[in-house]
Amino acid sequence: MTGTIAVILAGGSGVRLGAALPKQYLAIGGETILRRTVEAFRRHPAIDGVQVVIRPEDRPHYDRATSGLDIRPPVAGGPTRQDSGRLGLEAVAPAGPDHVLIHDAARPFVDAGLIERVIDGLARYPAVIPAVAVADTLKRADGPGSPVGATVDRHGLWRAQTPQGFRFADILEAHRALVGQALTDDAAVAEAAGLAVGLVLGSEENFKVTTEDDLRRAERLVSGPAADIRTGTGFDVHRFGPGEHVTLCGVMVPHSAGLEGHSDADAGLHALTDAILGAIADGDIGVHFPPSDPKWRGAPSHLFLRHAAALVVARRGRISHVDVTLICEAPRIGPHRAAMTARIAEILAIDPGRVSIKATTTERLGFTGRGEGIAAQAVATVLLP
Ligand code: MG
């Protein structure tokens with residue numbers, strides 16, 4: 001394959017939080033930290049797969065935390081973080097990705113822009129880390145009650161975060177060569193192997209949930225001001241013409257006619273694309289993909305829908321729900337509904353439970369009733385931060 005896989009390290013035992021469960025399996029705002037972390041990558045359009053590394057004894061917690069998510073099966077980690085990182089890389093090696101992002105499971109607030117900055121950085125460096133500048137004055141001391149030994153110059157000091165991005169072949173080779181070296185993060189493995197590590201801007205919200213204070217901060221973040229909830233609608237019609245199938249909601253449906261249009265004439269996906277663009281007030285499908293442009297002749301409409309979804313991600317939003325109604329006398333939609341639901345969920349990288357497909361006739365009234373064409377309408381609900 002070409003592409004980018006996210007390896008999420010969830011092998012920590014989380015003893016510092018003193019909780020009954022390892023911290024990555026604790027819930028914040030009703031959802032586990034691990035699921036939030038996995039979802040941040042799974043719904044990012046530039047991520048092609050998610051691989052979680054776990055402690056084998058945590059498997060029941062893992063299964064509950066990730067139920068219903070289409071990700072790679074988990075792999076067992078090793079005694080150290082470095083071992084777990086290497087074992088995660090070995091697990092995805094057969095897929096042959098170009099790039100890998102290695103991320104701490106306990107950083108659930110990684111945002112799409114940060115993920116993009118790391119991936120973009122890989123065009124210039126074989127290894128890229130996000131980091132934030134140290135803002136506080138640094139003191140060297142043994143702890144509370146002990147005297148301050150020295151003030152450390154903070155100039156040029158940065159706090160490293162994850163995801164740390166790598167050209168896959170380079171980091172796999174580095175990890176294999178440096179087994180047992182007790183290096184603190186994957187970038188240190190890269191540095192020890194002589195790879196140049198580039199720095200991109202991290203985010204203060206991308207903190208690691210380690211202490212009780214962090215957990216409370218995380219709770220405040222997810223229960224903070226309600227998201228900006230947007231609703232958009234879309235409508236589209238295509239006329240029947242010669243052909244032996246129609247494409248509706250990304251699924252080819254055999255029929256006694258085809259649909260006419262400059263793309264693949266998928267009225268369902270066109271209505272849905274317009275609904276999503278409507279929810280973010282960003283024009284319509286014709287603005288983004290002009291019919292006058294020959295480039296879009298015969299184009300598969302999932303390209304349009306995926307573009308609309310990427311615009312939502314770029315605004316750090318997410319698609320909460322979509323609902324499409326297909327209006328025609330024939331073909332019958334029912335037998336294809338499950339495939340359409342799955343296809344749209346796949347294109348939008350959202351859970352199939354967030355996709356609704358409905359169909360109706362118009363009692364043989366009007367142009368759809370006379371079998372002259374197919375109409376579709378759609379509603380999309382989008383949450384923006
Ligand atoms: Mg259309």
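Buried residues account for 49% of the 385 residues in the protein chain. The model is a predicted one. Its secondary structure comes to 12 helices and 19 strands, and the C-alpha trace spans about 85 × 40 × 40 Å along its principal axes. Of the contacts between residues at least 6 apart in sequence, 71% join residues at least 24 apart.

A magnesium ion is bound by three protein donors, namely Asp236 through OD, His238 through NE2 and His270 through ND1, at 2.2 to 2.3 Å from the ion. Along the chain these donors follow the spacing D-x1-H-x31-H. Aspartate 236 belongs to strand β13 (residues 228-241) and histidine 270 to helix α8 (residues 267-279), so that this pair, 34 residues apart, links distant parts of the chain. Aspartate 236 has a relative accessibility of 16% and therefore counts as buried, the cut-off being under 20%. Histidine 270 is likewise buried, its relative accessible area being 7%.

Helix α8, which supplies the donor His270, also packs against helix α10 (residues 302-314). The axes of α8 and α10 come within 9 Å and cross at roughly 15°. Because angles under 35 degrees count as roughly parallel, α8 is classed as roughly parallel to α10. The crossing of these two helices is left-handed. On the α8 side the contact is made by Leu269, His270, Leu272, Thr273, Ile276 and Leu277, and on the α10 side by His302, Phe304, Leu305, Ala308, Leu311 and Val312. The contact residues comprise nine nonpolar, three polar and no charged. His270 thus appears both among the donors of the magnesium ion and among the residues of α8 that touch α10.

A second helix pair is formed by α3 (residues 81-92) and α5, which pack at an angle of about 135° with their axes 10 Å apart. The two helices are therefore oblique to each other. As in the pair described above, the crossing is left-handed. Helix α3 contributes Gln82, Gly85, Arg86, Leu89, Glu90 and Val92 to the contact, while α5 contributes Phe168, Ile171, Leu172, His175 and Arg176. These residues divide into five nonpolar, three polar and three charged. Charged residues are thus present in the contact of α3 with α5, whereas the contact of α8 with α10 has none.

Two cis peptide bonds were noted. One runs from threonine 162 to proline 163, with omega near 10°, and proline 163 lies in the loop between β10 (158-160) and β11 (164-167). Another joins alanine 330 and proline 331, with omega about 0°; proline 331 is placed in the loop between β17 (318-327) and α11 (337-348). Most peptide bonds are trans, and most residues other than glycine have a negative phi.

Positive phi values occur at alanine 182 and at cysteine 249, neither of which is a glycine. For alanine 182 phi is near 55°. Alanine 182 is located in the loop between α5 (168-177) and α6 (186-192) and is exposed, with a relative accessible area of 70%. For cysteine 249 phi is about 50°. Cysteine 249 is located in the loop between β14 (245-248) and β15 (251-254) and, at 0% relative accessibility, counts as buried.

Proline 130 is part of strand β7 (residues 127-133) and is buried, with a relative accessible area of 0%. Apart from neighbours within four places in sequence, proline 130 is in contact with Leu114, Val118, Arg159, Ala160, Gln161, Thr162, Pro163, Gln164, Val200, Leu201 and Gly202. Both residues of the cis bond between threonine 162 and proline 163 are included in this set. The C-alpha atoms of proline 130 and arginine 306 are separated by 27 Å, the two residues being 176 residues apart along the chain.

Arginine 42 is found in helix α1 (residues 33-42). With a relative accessible area of 12%, arginine 42 is buried. Residues up to four places away in sequence aside, arginine 42 touches Val50, Leu69, Asp70, Ile71, Ala349, Ile350 and Asp351.

Conventions
Residues numbered from 1 in each chain as written. Predicted model: local features only at pLDDT ≥ 70, side-chain atom pairs only at ≥ 80, totals over all residues. Heavy atoms only, no water. Donors = N, O, S within 2.8 Å, 3.2 Å for Na, K, Ca; no water. Helix = DSSP H or I, 4+ residues; strand = E, 2+ residues; numbered from the N terminus. Buried < 20%, exposed > 50% of the residue type's maximum accessible area, 1.4 Å probe, protein only. Axes fitted to C-alpha atoms, helices over the stretch in contact; angles between N-to-C directions. Parallel < 35°, antiparallel > 145°, perpendicular 65-115°, else oblique. Left-handed = near helix turned anticlockwise from the far one by under 90°. Contact = heavy atoms within 4.5 Å. Nonpolar A, V, L, I, M, F, W, Y, C, P; charged D, E, K, R; others polar.
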